[in-house]
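This report describes how a ligand is held by its protein and how the nonpolar interior of that protein is arranged.

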Amino acid sequence: MKFNWIKAKEYKDIIYEKMDGIAKITINRPEKRNAFRPETTMEMYDAFADAREDSNIGVILLTGAGPSKDGKYAFCSGGDQSIRGNKGYVGKDGVPRLNILDVQKQIRSIPKPVIALVAGYAIGGGHVLHVVCDLTIAADNAIFGQTGPMVGSFDGGFGASYLARIVGQKKAREIWYLCHQYNAQEAYEMGLVNKVVSIDQLEEEGVKWAYEILEKSPLAIRLLKSAFNAELDGQAGIQELAGNATLLYYMTDEAQEGKNAYNEKRKPDFKKFPRVP
Ligand code: S0N
């Protein structure tokens, strides 16, 4: 099925579109299996920030452009090794960066579900990207794996610890130590993806899941995401959950009384608010 996506902003390395409360970010470097360079990552950061700020958007899809000229698909093959220097990935400005880590944190803390739609390779830092998404729908041609120890790299952050929470310690160590590749069915069996569909159904399924989420209470979804994160993310996770508690508190008459009293230069009257058991 063809959807009426509307381009939301012009970028070089990604395509950013919106439709009916859904934002879609597509990494668009198919000739490099959608490997990211610093510029790609900056564009992704900008698009995710826009999707966060846009109150009409409730769900974000993250995917990769394809197929490439050789007919192969990729979600993302991680950092662009051709511009990797000795301090990070070197962009056009000559500055070495590992700014994909900022996007990983952004995907986790954005208060809206992010769904990875994976066709073809999700490898290296591209694999970590789908891992940090809330949900993953895989095409039946999807291939998952880490390459770090083969190419002189590793991701000891979410790419290790959160992966282990998802697939278990033994499996996560196998994935990193052996650098094997796993097909969509194997990924499904280890709980790494939520569903496997045929490649021509991938976007349709993603949109269907997004619509289902959009029918639910936005605050409940927001609080659930921060609750799932809080259990894993230490003080940063608690900060997110606490921020949502503050948001809810601001919505009460009790909190409004405090603010109004300050602005009206009077003593607040909190006595009228019951202390529930
Ligand atoms: C994806 C693979 C398995 C696909 O194999 P296939 O189908 O045989 O295609 P190829 O012929 O290999 O590739 C087609 C063309 O695409 C280029 N290309 C593919 N991947 C990359 C890439 N990552 N960087 C640059 N170019 C890429 C190929 O070169 C080829 O082009 P031509 O035809 O012109 O030669 C296979 O391609 C593969 O294994 N790719 C490399 C995967 C990889 O090792 N990725 C990097 C892993 N590391 C990270 O992602 C680091 C993540 C990160 O940023 C990080 C985070 C936290 C802490 C540290 C780091 C860190 O950077 O260290």
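The ligand is surrounded by 25 residues, the closest of which are Lys72, Ser77, Gly125, Thr147 and Ser153, a residue being near a molecule if one of its heavy atoms lies within 4 Å of it. The model is predicted, so that local features need pLDDT of at least 70 and side-chain atom pairs count only at pLDDT 80 or more, while totals for chains, interfaces and linings use all residues. Residues are numbered from 1 along each chain as its sequence is written, and side-chain values use heavy atoms, with hydrogens and water left out.

The shell around the ligand divides into 10 nonpolar, 9 polar and 6 charged residues, with Gly counted as polar. The table lists polar contacts to the ligand, pairs of N or O atoms within 3.5 Å.

| Residue | Protein atom | Ligand atom | Distance |
|---|---|---|---|
| Gln81 | backbone N or O | nitrogen | 2.9 Å |
| Tyr89 | polar side-chain atom | oxygen | 2.9 Å |
| Gly125 | backbone N or O | oxygen | 2.6 Å |

Of the 1100 Å² of accessible area that the ligand has on its own, the protein covers 67% (Shrake-Rupley method, 1.4 Å probe).

The largest nonpolar core (buried nonpolar residues, under 20% relative accessible area, joined through side-chain atoms within 4.5 Å) has 46 residues, of which Phe48, Ile60, Leu62, Ile107, Leu129 and Phe144 touch the most other members. Helix H5, residues 158-167, gives the most to this core, with 5 residues. A second, separate core of 18 residues includes Phe3, Met19, Val207 and Ile213.

Technical notes. A polar contact is a pair of N or O atoms within 3.5 Å; within protein, one must be able to donate a hydrogen and the other to accept it, and residues adjacent in sequence count only if both atoms are side-chain atoms. Buried means under 20% relative accessible area, exposed over 50%, partly exposed in between (1.4 Å probe, protein chains only). Helices (H or I, at least four residues) and strands (E, at least two) are DSSP runs, numbered from the N terminus.
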